[in-house]
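Let's take a walk through a protein model together and see what its atoms can tell us. Have the sequence and the 3D view open as you read.

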Amino acid sequence: MSRTTASQRVTDAASKTGGLQDDEAESLSVGMGGNQAAAGGPTSRWRTQLFSLRCLHQICILVARSGRREHVDLPFARQQKLQPSTLLVSRVPDLIKMAFTASAAYVTEIRLEGLVVLQDVIEVFAKSPDPDYDDALLLEQHQAPITAALTPAFSSDSTPEILSSAVQVCATFVGCGVVKDVARMGRILKLLTSALEQSKESGTLKIGDVGELSPNASGMLRISTLKAWAQLQVASSHQAYLGAVVEPHRATLATLWISSLRDYASIRGDSEMLQDSASAAMDYYEASWSKILKAVANLMLAGDKAVLAAMDGQDASNQATPATAPPKDEPTAYFFIIFGLVFEALTASSADANATPAALEAAVTALEALRSLVKPEYAGKAILDPSTFDELSNLFYRMAMTSAPIVQINLIAVLASLASSQKDKLIAGIKASGASEPFPGDSPLTHCLRICSYVLRQAVPSASRRGASGVSGSVEDRIALLTATFRAFTIIGDAFGPEKKEEVRAVAVALYTGQFNCSSSLPTTYDLSPELLKDEYSTVDLTGPTLPALKAILDATASPVAGSGLEKYQKLVHGLLSACLSHIDEMRGREGIAAAIKVKNNLLTSVLIVTVVPENVKLSRTVVEHCCYVIAQKLEEGSTSEISVTAAHCAKTIMIAATAGNTLLGHCVKLLIPGMIHYIASLASSVEENAEGGAQNATQIQGIDEVLKAFVAFFNSVPDEHRARLLGVLLPLCVLLLDPARSPPAALHTRTISHLLSFATTSPAAFKEATAKLGAPEREKLETSIRQAVGGAKTAASEKAAKPAISLRSF
């Protein structure tokens with residue numbers, strides 16, 4: 001079936017009627033079997049109508065990109081007291097009606113644009129709530145009109161372009177979540193399934209009321225069908241109900257997807273096939289291959305055996321795949337084909353400094369596929385071939401220097417996957433080379449570390465850039481990039497083995513703290529020193545969200561450190577802790593957002609170091625005592641600032657970690673308790689003054705609550721025979737925070753009472769003994785407060801029980 005344009009259709013119609021007609025006069029009414037006169041009035045010309053439909057498409061795109069909730073959420077708009085008639089959501093029925101009218105038009109271009117508008121409606125309003133029914137979606141009441149609008153697209157006069165576009169709309173509707181019951185998806189899902197079943201055969205296709213298509217038209221429809229199912233597979237990762245839709249056809253899809261990518265590569269590689277009839281199919285391949293590759297990458301990352309069999313040239317739908325693939329050195333049959341497509345896509349994206357969103361998405365998709373392709377089950381040893389890896393590493397270096405953060409995040413994931421999956425072969429290659437240096441320059445692992453180092457140096461603020469980062473993008477993207485890169489550094493360091501792991505760990509810590517020393521044995525080629533903990537210019541906090549990555553770097557529980565590695569690890573941890581304390585001392589007397597961020601992050605890092613290191617790692621007594629002194633000092637310095645809350649949180653973290661029996665942390669607790677007691681005692685009077693004024697400082701309340709939580713955790717870890725003595729210190733402290741005369745009770749009073757009740761519940765005898773030793777005023781204040789809290793709860797319960805109820809009289 002060949003494509004028929006509007007002008008061609010009008011010429012044919014004119015020849016049948018024996019006269020010439022102006023194609024500009026044709027309109028939607030012609031497709032419905034009438035003309036302007038029969039329609040009862042003048043209508044727009046078809047080109048005007050086509051322009052109007054395209055305007056509607058642009059309006060839907062602008063509304064979706066604007067993020068204005070009122071245009072897609074009618075209940076929200078009513079809450080904001082907005083006029084519904086001015087919002088796009090109130091025009092959903094009209095949009096579906098226009099899409100239906102256009103889909104039944106005489107002109108092919110209008111029919112195609114009508115399907116585009118229908119797809120826009122489904123995508124934009126898929127999550128819109130129904131204004132009249134709770135827990136229902138707006139489009140649920142429009143299922144029948146949407147199905148009706150799709151029906152003309154599968155009529156006998158539909159062109160291949162219309163059929164392909166309609167298949168995409170069907171997939172969009174199935175995957176949007178409006179209907180989650182497979183049994184209720186009806187004809188739309190049946191059309192997709194029928195097209196997929198026919199795609200397994202090499203012959204021509206037929207769908208709906210359309211007879212057998214030509215070979216070229218069948219190829220176009222087959223590609224569009226595979227793209228539609230690929231979208232469903234990708235959406236199934238966050239739409240659980242789609243698993244029941246895709247799972248029965250997963251093996252068939254894996255084989256067909258790999259075959260389509262193979263055919264696309266063949267067409268791209270054979271210039272003779274880019275002529276005439278193949279050009280239309282090539283356009284569909286160009287628009288679909290990235291979506292199909294994303295679905296394949298999705299299955300690869302999930303460890304699907306069907307896609308592994310398909311990559312090896314086997315028909316996964318006709319045979320049982322083994323539970324585990326045996327290790328092999330040779331790549332799969334189609335490895336180089338898929339690898340070539342991925343490499344070409346990445347090369348094109350890295351050459352464009354101002355990549356479009358579509359180009360970025362294609363690059364991310366290619367890297368997601370490459371993340372699995374580098375594994376031995378797909379690549380064997382082929383990826384480590386010197387010529388292949390040199391080309392790949394050159395591409396990676398270029399991407400590290402020019403790509404956006406979202407692309408670099410996936411690039412780092414590829415490096416980590418390569419290092420972890422090919423670890424044995426990489427180490428064997430280093431040993432076989434006989435290199436004398438610890439990090440051979442031509443080793444793939446060394447290249448991975450170099451790329452990670454460069455990405456970190458660009459992403460972390462430095463003094464040479466006055467706190468600015470060398471990576472563009474949002475703060476969230478930069479944080480995600482830093483976290484992913486530091487974790488990849490840890491994975492690559494593990495791949496080097498225990499002999500060199502500590503050196504890699506040291507470089508990672510140096511990159512994090514800003515204390516980089518180029519005398520390290522790890523080869524480096526850049527001079528910018530990152531200053532994540534040392535930065536005092538940036539007002540954006542990049543350190544706090546990346547602390548879990550530092551914890552992963554320092555964590556030695558997975559592979560215990562021993563021998564010479566233990567000595568290196570102790571020096572590293574001691575140097576890092578000393579650097580953090582030095583950074584805090586440098587900020588003494590400084591004020592401002594950047595200074596506060598630096599102090600806060602170095603405090604948190606210090607506590608992280610003390611709590612994460614194993615017990616067999618020795619730390620200097622002087623450094624540990626200075627760390628505890630700094631925490632106590634910051635508690636008292638900024639009693640009304642966020643730094644005091646951070647210090648209180650640090651003290652609580654140490655005291656909770658000390659309950660496990662760590663000797664070092666137990667010593668820290670002894671050093672922290674006096675400062676914490678003084679902190680609460682000094683704040684008690686100021687809190688009381690604020691309460692008399694009618695308000696309490698939220699920062700002070702939060703800091704006090706953190707300290708009280710720490711005391712509760714410490715109390716629970718103390719043996720029963722010592723709890724009365726500890727309560728002898730804690731109860732007078734808590735009494736200072738009580739205010740039973742105030743009604744309603746203040747927030748601090750309520751929180752303190754809850755902690756006191758926790759003490760009384762945990763150890764009643766010790767609580768009673770400590771209470772008896774209080775002075776008369778303190779004891780009376782404590783008893784009154786507890787009596788009010790317990791009595792208030794009982795009163796509320798009795799009032800609830802005493803509510804009037806209807807009782808049936810018995811006879």
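## Salt bridges

K291 pairs up with E361 in a salt bridge, with 3.3 Å between the closest N and O atoms. This pair ties together distant parts of the chain: K291 belongs to helix α13 (residues 277–301), E361 belongs to helix α16 (residues 357–373), and they are 70 residues apart. A quick word on terms: a salt bridge here is a side-chain nitrogen of Lys or Arg within 4 Å of a carboxyl oxygen of Asp or Glu. Helices are DSSP runs (H or I, at least four residues), numbered from the N terminus.

Before going on, keep in mind that this is a predicted model, where local features need pLDDT of at least 70 and side-chain atom pairs count only at pLDDT 80 or more, while totals for chains, interfaces and linings use all residues. Residues are numbered from 1 along each chain as its sequence is written, and side-chain values use heavy atoms, with hydrogens and water left out.

Are the two partners buried or exposed, or something in between? Buried means under 20% relative accessible area, exposed means over 50%, and partly exposed is in between (1.4 Å probe, protein chains only). K291 counts as partly exposed because its relative accessibility is 30%, and E361 is partly exposed too, at 39%.

How many salt bridges are there by this rule? The count comes to 23. Here are three of them:

| Lys or Arg partner | Asp or Glu partner | Closest N and O atoms |
|---|---|---|
| K291 | E361 | 3.3 Å |
| R505 | E502 | 2.9 Å |
| K598 | E586 | 3.2 Å |

Take R505 and E502: both sit in helix α23 (residues 498–513), three residues apart, which is about one turn of the helix. R505 is buried, and E502 is buried as well.

The pair of K598 and E586 links distant parts of the chain, with K598 in helix α26 (residues 593–612), E586 in helix α25 (residues 564–586), and 12 residues from one to the other. K598 counts as buried because its relative accessibility is 2%. E586, at 40%, counts as partly exposed. Salt bridges can also share partners, and in this way E247, R250 and D304 are joined into one network.

## Neighbours in space

Helix α25 is also home to I584. With a relative accessibility of 2%, I584 counts as buried. I584 and N601 are 17 residues apart along the chain, and their C-alpha atoms are separated by 9.2 Å.

Now look at E377 in helix α17. E377 is partly exposed, since its relative accessibility is 33%. How far apart are E377 and K328 in space? From C-alpha to C-alpha they are 6.9 Å apart, with their positions 49 residues apart in sequence.

## A charged patch

Which residues form a negative surface patch? They are D385, D390, E391, E437 and D442. A patch like this is made of residues with over 30% relative accessible area and no salt bridge, with like charges joined within 9 Å. Asp and Glu count as negative here. One of the members, D385, is found in the loop between α17 (376–379) and α18 (386–402). D385 is partly exposed because it has 33% relative accessibility.

## Cysteines

How many disulfides does the model have by the rule used here? The count is zero. C650 is in no disulfide, and the nearest cysteine sulfur, that of C627, is 8.0 Å away. For a disulfide, a pair of cysteine sulfur atoms has to be within 2.5 Å. C650 is buried, with a relative accessibility of 1%. C734 counts as buried too, at 2%.

## Two unusual backbone angles

Most residues other than glycine have a negative phi. K81 has a positive phi, near 60°, and is a residue other than glycine. K81 is placed in the loop between α4 (74–79) and α5 (92–103). K81 counts as exposed because its relative accessible area is 77%.

D135 has a positive phi near 60° as well. Look for D135 in the loop between α6 (108–125) and α7 (143–150). With 84% relative accessibility, D135 counts as exposed.

Terms used. Patch = residues over 30% accessible without salt bridge, like charges linked within 9 Å, V, L, I, M, F, W, Y side chains within 5 Å. Areas by Shrake-Rupley, 256 points an atom, 1.4 Å probe, with all protein chains shown as cover. Charge placed at Lys NZ, Arg CZ, Asp CG, Glu CD. Helix = DSSP H or I, 4+ residues; strand = E, 2+ residues; numbered from the N terminus.
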